[in-house]
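Colleague: I have a structure to go through with you. Could we take it by question and answer?

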Amino acid sequence: MGEQYYLAAFIAISALATFATRVVPFLFFERHTEHPLVQHIGRYLPAAVMALLAIIFLQRSANWQSGFIGLDALIPGLLVVIIHLWRRNALLSIAVGTAVYMIVQQTGWLL
Amino acid sequence: MNHHTFRLTLPILFGYLPLGMAFGVLFATQLDYAWWVAPLMGLVIYAGSGQILAVSLLAANAGLVEVAIAMFVLNARHLFYGLSLLGQFRGAGWRKGYLIFGLTDETYSLLTSRPRSSDRQHEQELDFRITAFNQLYWIIGCAAGGLLGEMVSFNSTGIEFALVALFIVLTIEQVKTLGDGFPLWAGTFSAGIAMLLVPSTHQLIAAITIVTAVLLLHYRRLRLVTGEPNHG
């Protein structure tokens, strides 16, 4: 598969999958909004999926082979948590965490 | 009406321009595609965390089935936005398709929290304009970021951590809104099992499957214990 075809297919599939999450309730759920299983999943799934994505991508950002076993990503990650609990400003938390991670990676501290 | 829409959507403008730019810079610095693919994704996909996840999936040359599942599940919270807007969008005619397409977190929170008059047609027209303005801000942000990332050369090593930071922030926000730490432990547990047992290319799908199973078991247990899941 050529690179351009892959990109086009990738974007088309991402667009369809995203639109599907938005349109499904309007197509199928008109009669099932009160079902307790639907409400249960609706209540817990979004937060659970965010948590698993945070953990998986945090683990992939870290260097586990170094003497500091993953601290190069765990410290910036912890910083995001602390700053966010403190100020509740999403952009600030993301900017500071990313900047610290970039500094760590580029200067080679903790690697 | 456009002036009114602009005032209503101003907070979204301040959120979408920088986040769209972050996505654009990430896209242009991590991948070799042309900068304008970034705003194109903002036009046809239109999902903040989805597009940022897409950058790392593109970088990893992920299989298209994995892309479809990851995108669907990442955006699965939107399933539950629609549920609460079924009535509000009823009878919106040709606008309805776009209202549904443009149902992002921010648009949802604005549409469900703004005061509404009894003039249904007028309110649906305003909903439509709000959705379009928000998407326009997002596309402008993506384009500006894509251009910036392509023109300005700087050492961008490590910038992909923005994705991790975004997921951490969204997790905290979700758990705080919910007032219940259970999904945090369910997600962490599922990710941990997947990372221990499965090679990294299939970890995402494995973790999503495990977490769904955990939630189903949790539902069954609540029903057995109380006869009714506790949603107080």
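Modeller: The turns below cover one chain, a pocket and a few residues. This is a predicted model, in which local features need pLDDT of at least 70, side-chain atom pairs count only at pLDDT 80 or more, and totals for chains, interfaces and linings use all residues. Residues are numbered from 1 along each chain as its sequence is written, chains are lettered from A and ligands numbered from 1 in the order in which they are written, and side-chain values use heavy atoms, with hydrogens and water left out.

Colleague: How many helices and strands are there in chain B?

Modeller: Helices (H or I, at least four residues) and strands (E, at least two) are DSSP runs, numbered from the N terminus. Read along the sequence, chain B gives the pattern α-α-α-α-α-α-α-α-α-α-α. The count for chain B is 11 helices and 0 strands.

Colleague: Is B:A206 buried or exposed?

Modeller: B:A206 sits in helix α11 (residues 203–226) of chain B. Buried means under 20% relative accessible area, exposed over 50%, and partly exposed in between (1.4 Å probe, protein chains only). The relative accessible area of B:A206 is 17%, so this residue is buried.

Colleague: And B:R116, in the loop between α7 and α8 (120–151) of chain B: what is its relative accessible area?

Modeller: By the cut-offs just given, B:R116 counts as partly exposed. Its relative accessible area is 33%.

Colleague: Which element gives the largest share of the lining of the largest pocket?

Modeller: A pocket is an open set of points on a 1 Å grid over the protein atoms alone, where a 1.4 Å probe fits, with protein on both sides within 12 Å along at least five of seven lines; lining residues have an atom within 4 Å of a point. The largest pocket is lined by 40 residues, and among those nearest its centre are B:Y81 and B:L170. Elements giving two or more residues to this lining include α2 (36–61) of chain A and α9 (161–178) of chain B. The largest share, 7 residues, comes from α9(B).

Colleague: How far apart in space are B:A206 and B:Y81, C-alpha to C-alpha?

Modeller: B:Y81 is one of the residues nearest the centre of the largest pocket. In sequence, B:A206 and B:Y81 are 125 residues apart. In space, their C-alpha separation is 26 Å.

Colleague: What share of the residues of chain B count as buried?

Modeller: The cut-off for buried is the one used for B:A206, under 20%. Chain B has 232 residues, and the buried share is 51%.
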